[in-house]
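Hi,

Here is the structure I promised to pass on to you. Have a look at it first, and then read my notes below.

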Amino acid sequence: MVRLIREMTECESPSDTPRAVNRMAELLVERTSDIATAERVKAKGFGDHVRIEFDGGAEGQILAIGHSDTVWPLGTLEHMPFREADGRLWGPGVLDMKSGLAFFISAMRGLRELGVPVRRKIVLWVVSDEEVGSPASRELTEAEARRSDCVLVLEPGTRLAGKLKTSRKGVGHYTISVLGRASHAGLDFANGASAIVEAARQVGEIASWTDATRGITVNPGVIRGGTRTNVVAAEACVEVDARAVGAEDAAWLDRKFHELKPFDARCGLRIEGGFNRPPMERTEKIVALFAQAQRIASEMAVELEESSSGGGSDGSFTAALGVPTLDGVGGLGEGAHSANESILVNRIADRTALLMGLVAGL
């Protein structure tokens, strides 16, 4: 398994480099060719998605979802090579989420080699654009989820304990463009309408919507505007990240954004964006799925806990459809998207065994 994880990690696959992602797709097909049937699905502007179907019964379908793309640009291995040290595997994408893919493939191979019967058809759906919001894969993921009885998301668990994720915040991105009126800041100041001042007022307004008690955060993360200090700014732009725990709060935030009005009537506003990942809400069906995972883990003397995440995943799409979804069943480690990205070697076996137990028992 370590060799497989290494092979995947050293197959660099940034979202914005389709040819590199396609090498990862090819690797997935090759490493499952003896135990599954794989199909590569073209995606405009991105590398290929991969649908891998394993042998199983006819009593419905279990869907495992993951992604082949990473946030790391080509050449990252030169200064951040794959290595095994201090009880961990290190490298770009090893946690998010090459290890999760390797775990699941190894789990399916293990079930086959041990002759463990599986009641349902098993599909591993690996998309190529998750790290950039899944624009080319969302509809395909949702279609596959509608054919499934439950979904296992191979994203990493929470922190070193590897807690599974039974809820996630919905994620929204908004752009507020302000059109003001340019004038000379010295000779004709009163005739100008500053887009920057208007944008600053809008930032104060939208930042006030953050409510920690409701799990709502609104972060104006980028602001641009103006041309010169002696010119009243004609244009400005604010880019905002918004997150909410529940669907009602996400809808409330979306409405608040699109109801924004200028403080200065001489300025105009254009609001673009919305929630690109709905909240994954903790339902009774999700809790029941977690309880089953917890029972399997306890048989291995492994303590398994649940958690909530502020980030989104493709599991948010499937859960929003009402399909029981259990997230975070991949690697245990830390440092996703950072230079210390790593997984714990001594937790590879029990996590893979958990996946085997879930697939065999569902």
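Please keep in mind that this is a predicted model. A good place to begin is W90: R83 lies over the face of this ring, 4.5 Å from the ring centre. There is a similar arrangement at W252, where the charged end of R214 sits over the ring, at 4.7 Å from its centre.

Next, the nonpolar interior. The largest nonpolar core has 53 residues, and F104 and L124 are the ones with the most contacts inside it. Helix α3 (residues 94-114) gives this core its largest share, eleven residues. If you click on L124, you will find that it touches V50, R51, I52, F54, A64, L101, F104, I105 and L154, leaving aside residues up to four places away in sequence. A second core, separate from that one, has 21 residues, V178, W209, F257 and I271 among them.

Then there are the aromatic rings. The structure holds four aromatic pairs. In one of these, F54 and F104 have ring centres 6.1 Å apart and planes at 70 degrees; that angle is over 60 degrees, so the pair counts as edge-to-face. F54 belongs to strand β2 (residues 46-54) and F104 to helix α3, so this pair ties together parts that are 50 residues apart in sequence. Both F54 and F104 are buried.

How are the rings of Y174 and F257 arranged? Their centres are 3.9 Å apart and their planes are at 5 degrees, so this pair is stacked. It also links distant parts of the chain, with Y174 in strand β9 (residues 170-179) and F257 in helix α6 (residues 247-258), 83 residues apart. Y174 has a relative accessibility of 1%, so it counts as buried. F257 is buried too, with a relative accessible area of 0%. Together with W209 and F275, Y174 and F257 form one aromatic cluster.

Last, the cysteines. How many disulfides does the model have? The count comes to zero. For C237, the nearest cysteine sulfur is that of C267, 14 Å away, and C237 is in no disulfide. C237 has a relative accessible area of 13%, and because the cut-off for buried is under 20%, C237 is buried. C11 counts as buried as well, at 13% relative accessibility.

I hope this helps you find your way around.

Best wishes

Key:
Residues numbered from 1 in each chain as written. Predicted model: local features only at pLDDT ≥ 70, side-chain atom pairs only at ≥ 80, totals over all residues. Heavy atoms only, no water. Disulfide = S-S within 2.5 Å. Buried < 20%, exposed > 50% of the residue type's maximum accessible area, 1.4 Å probe, protein only. Core = buried A, V, L, I, M, F, W, Y, C linked by side-chain atoms within 4.5 Å. Helix = DSSP H or I, 4+ residues; strand = E, 2+ residues; numbered from the N terminus. Contact = heavy atoms within 4.5 Å. Phe/Tyr/Trp six-rings, centres within 6.5 Å; stacked < 30°, edge-to-face > 60°. Lys NZ or Arg CZ within 6 Å of the ring centre and 35° of its normal.
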